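Reader: Could you walk me through this model, taking the contacts between chains before the details inside them?

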Amino acid sequence: MLYLVVDILGTVAFAISGVLVAMEKKLDLFGVFIIAFVTAVGGGTLRDLLIGNTPVGWMQAPIYLFVILGTVIVAIFFVNQLKHFRKSLFLFDTIGIGLYTMVGIEKGISAELLPVMSIALGTITASFGGVIRDILCNEIPVIFRKEIYATVCILGGSFYFILIQFPVDDTLAYIAAILAIIIMRLVAVRFRISLPNIYKCRRL
Amino acid sequence: MLYLVVDILGTVAFAISGVLVAMEKKLDLFGVFIIAFVTAVGGGTLRDLLIGNTPVGWMQAPIYLFVILGTVIVAIFFVNQLKHFRKSLFLFDTIGIGLYTMVGIEKGISAELLPVMSIALGTITASFGGVIRDILCNEIPVIFRKEIYATVCILGGSFYFILIQFPVDDTLAYIAAILAIIIMRLVAVRFRISLPNIYKCRRL
Amino acid sequence: MLYLVVDILGTVAFAISGVLVAMEKKLDLFGVFIIAFVTAVGGGTLRDLLIGNTPVGWMQAPIYLFVILGTVIVAIFFVNQLKHFRKSLFLFDTIGIGLYTMVGIEKGISAELLPVMSIALGTITASFGGVIRDILCNEIPVIFRKEIYATVCILGGSFYFILIQFPVDDTLAYIAAILAIIIMRLVAVRFRISLPNIYKCRRL
């Protein structure tokens with residue numbers, strides 16, 4: 001139940017980030033919906049394709065389609081009010097990243113992938129919706145340019161695989177990893193921590 | 001037989017639209033061919049990937065490859081004459097959209113998807129070749145910006161699922177839905193009907 | 001063993017080409033790594049998806065991930081020295097193209113595709129990593145614009161299918177086709193051979 005609530009909140013936050021990018025590009029109603037949709041389900045879709053899990057997830061669970069449709073309609077009407085919810089949206093987004101990373105990792109484990117590949121799969125799940133969004137909007141993906149985002153997924157996923165080496169309950173490790181991702185992202189954004197700048201620090 | 005003729009006409013029209021976009025971008029011969037190819041088969045390929053129908057369709061039916069290759073060669077030689085056939089090409093294109101939407105819907109039904117997901121699959125089949133074309137040519141997809149196109153697929157697909165609730169012959173419903181899509185698109189383009197402009201009508 | 005060495009050299013050369021494009025776009029460390037990764041494994045991934053060979057190759061062989069990671073780190077540190085190795089890199093790249101074309105063709109034959117489709121699959125394997133690299137970096141793919149590249153894969157693949165009509169040892173035909181691709185590319189680049197310019201030579 002909690003799982004479903006978190007999943008829906010993450011879907012809403014991802015979809016809204018799609019609406020905002022699409023409206024900045026002046027897309028029409030259909031375009032805004034598609035961008036919101038791929039932002040929300042694109043990462044999971046790519047994950048399912050890579051491991052051969054077809055028909056892909058969203059095709060078998062219509063709830064996502066309807067949640068995203070509802071989100072788009074509300075977001076378009078209240079786009080100017082959205083800025084008042086910036087902090088809540090950022091929080092939902094961050095919670096979504098944590099959850100989707102672990103959902104992807106679980107799918108990787110089910111597909112008998114190595115830990116390092118499961119972590120890659122979790123990172124793809126959490127972050128490639130935004131990559132596809134940016135590509136469709138003709139932008140270089142933002143997570144390739146500045147945000148600490150995928151790095152946090154990789155660290156959180158690694159933390160999970162370290163935890164389960166110990167006699168820790170699996171559900172507990174799962175939740176601890178999600179919390180670790182959320183906290184790392186909040187801290188990184190709060191203190192403007194970013195990846196080392198390879199254009200300054202490299203040897204010339 | 002009629003089915004094959006319609007399919008080939010649609011493929012030719014889609015491929016030519018690819019040639020025109022690619023030549024505007026001054027791509028070379030190989031680039032023009034690839035863009036024509038993805039425009040014609042990209043939607044069906046994405047559909048097949050999403051439902052796990054592999055090897056994807058065009059790999060098992062070489063006729064598409066050869067039809068597209070022939071179309072590209074003729075289109076490059078006669079590119080300046082193509083404008084005289086603008087109306088015929090638009091008609092073939094529209095017929096193609098109608099057919100491909102229903103082909104996608106049938107595949108969705110075979111994969112036991114819900115009606116709403118089958119409609120999504122049909123719309124993807126008919127419209128995502130153009131999306132991939134535009135992405136490869138570094139443009140924001142045109143169907144996200146102005147054309148009534150996917151909307152017509154969604155309406156036509158919905159019409160099909162309404163029809164088959166009644167004691168209607170399935171083939172008849174299939175053809176009626178294709179005709180509905182064709183007519184709706186012709187009317188929409190003729191009377192410049194478009195989606196409501198979300199940038200004007202939304203509450204501020 | 002030789003196979004593995006050639007594969008690794010090709011992976012390194014493809015990854016470095018990704019690093020160079022990504023750094024020109026001023027991507028961050030994560031972005032540079034992802035671009036290097038998709039350049040190196042993107043073609044094979046698309047191939048595996050199209051024929052339903054999942055989980056895709058790189059997920060089952062972590063060596064690629066680690067080779068690419070190592071390549072990225074070294075390449076970032078020594079980016080200014082890379083120009084001294086331009087010729088070696090071009091050679092590795094060309095060897096990679098030859099090998100990957102034939103790897104793709106073999107997978108096509110295993111999937112019982114027609115020769116023409118196997119050649120298409122080989123060409124995709126060798127060349128679509130660069131296509132995805134350019135799309136993610138918001139450029140029209142370079143192989144659609146100027147380089148003789150895919151054409152050489154197509155010719156080499158055709159050569160292989162011609163050879164195996166004769167009583168030639170299969171491994172020999174395989175190696176001969178790889179060498180043919182390498183030689184054709186070296187000759188094409190050396191003598192600046194390119195596809196016919198369709199913008200000049202077409203009838204007006």
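Author: What follows goes through confidence, symmetry, interfaces, the core, one helix and one loop residue.

Reader: Before the geometry, what ipTM and pTM does the predictor give the complex?

Author: This is a predicted model, and the predictor gives the complex an ipTM of 0.91 together with a pTM of 0.94. For chain A, the average pLDDT is 92, with 98% of the residues scoring at least 70.

Reader: And what rotation superposes chain B on chain C?

Author: Chain B is superposed on chain C by a rotation of 120°, with 0.0 Å of shift along its axis and an RMSD of 0.0 Å. That is the relation of a three-fold axis. The residue of chain B that comes closest to the rotation axis is B:Asn138, with its C-alpha at 3.8 Å.

Reader: What about chain B on chain A?

Author: There, too, a rotation of 120° with 0.0 Å of shift along its axis does the superposing, at an RMSD of 0.0 Å.

Reader: OK, interfaces now. How many residues does each side put into the contact between chains B and C?

Author: Chain B contributes 25 residues and chain C contributes 27 residues. On the chain B side, helix H2 (29-51), helix H3 (63-77) and helix H5 (115-136) each supply at least two residues, and the largest share, six residues, comes from H2(B). By type, that side of chain B divides into 17 nonpolar, five polar and three charged residues.

Reader: Do the copies meet through the same surfaces or different ones, and why?

Author: They meet through different surfaces, because only 16% of the interface residues of chain B are also interface residues in chain C.

Reader: Then which elements of chain B face chain A?

Author: In that contact, 27 residues of chain B meet 25 residues of chain A. The elements of chain B giving two or more residues to it are H2, H5, H6 and helix H8 (198-201), and the residues on this side of chain B divide into 19 nonpolar, three polar and five charged.

Reader: Switching to the interior, which residues have the most contacts inside the largest nonpolar core?

Author: That core has 191 residues, and those with the most contacts inside it are A:Ala36, B:Ala36 and C:Ala36. If neighbours within four places in sequence are left aside, B:Ala36 is in contact with B:Ala15, B:Gly18, B:Val19, B:Ala22, B:Ile68, B:Thr71 and B:Val72.

Reader: I'd like to look at H6 of chain B as well. What do its buried residues pack against?

Author: The buried residues of H6(B) pack against helix H2 (29-51) of chain A, and also against helix H4 (86-110), H5 and helix H7 (170-190) of chain B. Among those buried residues are B:Val152, B:Cys153 and B:Tyr160. Helix H6 of chain B, residues 150-163, has 14 residues and reaches 20 Å from its first C-alpha to its last, close to the 20 Å expected at 1.5 Å a residue.

Reader: Last one: where is C:Phe144 found, and is it buried or exposed?

Author: C:Phe144 is found in the loop between helix H6 (115-136) and helix H7 (150-163) of chain C. C:Phe144 counts as buried because it has 26 C-beta neighbours inside 10 Å.

Reader: What is C:Phe144 in contact with, leaving aside its neighbours within four places in sequence?

Author: On that basis, C:Phe144 is in contact with B:Leu27, B:Asp28, B:Phe30, B:Gly31 and B:Ile34. Within its own chain, the C-alpha atoms of C:Phe144 and C:Val131, 13 residues apart along the chain, are separated by 8.6 Å.

Key. Residues are numbered from 1 along each chain as its sequence is written. Chains are lettered from A and ligands numbered from 1 in the order in which they are written. This is a predicted model: local features need pLDDT of at least 70, side-chain atom pairs count only at pLDDT 80 or more; totals for chains, interfaces and linings use all residues. Two residues are in contact if their C-beta atoms, placed from the backbone, lie within 7 Å. Helices (H or I, at least four residues) and strands (E, at least two) are DSSP runs, numbered from the N terminus. Ala, Val, Leu, Ile, Met, Phe, Trp, Tyr, Cys and Pro count as nonpolar, Asp, Glu, Lys and Arg as charged, and the others, Gly among them, as polar. Copies are superposed by least squares on the C-alpha atoms of residues with pLDDT of at least 70 in both. The expected span of a helix is 1.5 Å times one less than its number of residues. A residue is buried if 20 or more other C-beta atoms lie within 10 Å of its own, exposed if 12 or fewer, and partly exposed in between; C-beta atoms are placed from the backbone. A nonpolar core is a set of buried Ala, Val, Leu, Ile, Met, Phe, Trp, Tyr and Cys residues joined through C-beta atoms within 7 Å. pLDDT is the predictor's confidence in each residue, from 0 to 100.
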